[in-house]
Structure formats: structure tokens, C-alpha cells
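Here's a quick walk through one chain and the ligand it holds. Have the structure open while you read.

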Amino acid sequence: MRLPGDFKHAVESVLKILALLLFVLLIGATPLAVAQTTEPIVETPQVAGSLIRAPGWELVHAHCSGCHSITLVTSQRGERPFWKELIRWMQRTQNLWQFEPATEETILNYLATNYGAGRPQRRAPLAADLLPVAR
Ligand code: HEC
């Protein structure tokens, strides 16, 4: 009688398929498990620089942080002509690309408004009562 042999063969085949399925599932699920435990990318000062969040900051970040630190930008102060001339200088001598007029307008407005000549370059000094007491 060959039935028990066939039956054993069938069970073995099913077990093999199940083992294969389990393997595939485990392998397939691993990246998912990793993706789920990985922290979402949050915007940190390191990612976005310390640009003042005002209209146009994303464009400035996109166009002005590729070649040098954005801190080089935020440590400067100047009115619109200063920023415009700086951009022209980088375009002439530093391979800065040309901007669409609307893009340049937004960038210049942002810089002149938020990093104008009158804006403080450092935080205000601490109030006297916040200073450490000399003992
Ligand atoms: C294609 C590269 C490039 C891009 C993009 C770029 N810059 Fe520059 N920038 C330079 C180089 C090179 C220097 C000189 C760096 C140095 O002296 O170490 C510089 C210097 C500067 C300085 C310092 C000037 C000084 O007097 O020392 C400022 C401020 C500045 N860039 C602002 C900007 C702004 C604003 C943007 C966006 C509109 C921008 N940069 C985009 C290349 C670039």
C-alpha cells in the first residue's frame, strides 16, 4: 500500500512550504520592525540652521546653506543693498547660481527684514539680578 508514503510526502511538502513562508515573513518583517522603532526625523537646529522662522526662511535655507554654514549668513547684518551685493559677489566669484526674480525677491526681503542693519547680533545682556553672584 503506498498511501502512507504519499501521505508522509505530502505532510513533508506542506511543512517545507510553511517553513519557507515563515522564513519569508520573518525576513520581510524585519525592515518593518526597524522602520517602526526608528525615531522620526525631527527638524532640529542642526538640520534647519538657526534661521528666524519668518516668511521665506525655507527658501533662504534651501539656497544659502549648501556651500557654507547658515551661521555665516545669520551672523551678518545689513540692509537690502548689502544683501543684494553679497549675492552678486557670490554669483560673480563663488559659483552661486542665478535666482528666479521672485525667488531673489523673497530671499532679499527675508534677509533685509530679519537680518537688517538694526537687528541685534547677540542676545541682550542678562539683567543684573540674573548674573552669578561673586562670593
Ligand atoms: C555656490 C556656493 C554658495 C552659495 C549657494 C551661497 N554662498 Fe555665501 N559664500 C560662498 C563662499 C565661497 C563664501 C566665502 C566663504 C569664506 O570666506 O569662507 C561665501 C560667503 C558668504 C558670506 C560671508 C561674507 C563675508 O563678508 O565674509 C555671507 C554672509 C553669505 N555667503 C551669504 C549667503 C547667502 C545669503 C546665500 C543665499 C542667498 C549664500 N551665501 C549662498 C558661497 C556660497
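## Fold and ligand shell

Among contacts in the chain with a separation of 6 or more, 68% link residues 24 or more positions apart. Bear in mind that this is a predicted model. The fold has six helices and zero strands, so to speak an α-α-α-α-α-α run from the N terminus. Of the 135 residues in the chain, 6% are buried.

Now for the ligand. It has 16 residues around it, and the nearest are Cys64, Cys67, Gln76, Gln94 and Leu96. Four elements each give two or more residues to this shell:

| Element | Residues |
|---|---|
| helix 3 | 57-64 |
| helix 4 | 70-74 |
| helix 5 | 80-93 |
| helix 6 | 101-114 |

Helix 5 chips in with the largest share, three residues. What's the make-up of the shell: how many nonpolar, polar and charged residues? There are ten nonpolar and six polar residues, and no charged ones.

Helix 6 deserves a look of its own. With 14 residues, helix 6 covers 20 Å from first C-alpha to last, close to the 20 Å expected at 1.5 Å a residue. Its buried residues are Ile107, Tyr110 and Leu111. Seen down the axis of helix 6, these fall within an arc of 90°, so they line one face of the helix. That fits the general rule: an α-helix has 3.6 residues a turn, so residues three or four places apart point the same way. The buried residues of helix 6 pack against helix 3 and helix 5, while the face turned away from that buried side carries the exposed residues Pro101, Ala102 and Glu105.

Terms used: Residues are numbered from 1 along each chain as its sequence is written. This is a predicted model: local features need pLDDT of at least 70, side-chain atom pairs count only at pLDDT 80 or more; totals for chains, interfaces and linings use all residues. A residue is buried if 20 or more other C-beta atoms lie within 10 Å of its own, exposed if 12 or fewer, and partly exposed in between; C-beta atoms are placed from the backbone. Two residues are in contact if their C-beta atoms, placed from the backbone, lie within 7 Å. A residue is near a molecule or strand if its C-beta atom, placed from the backbone, lies within 6 Å of it. Ala, Val, Leu, Ile, Met, Phe, Trp, Tyr, Cys and Pro count as nonpolar, Asp, Glu, Lys and Arg as charged, and the others, Gly among them, as polar. The expected span of a helix is 1.5 Å times one less than its number of residues. The arc is that of the directions from the helix axis to the C-beta atoms.
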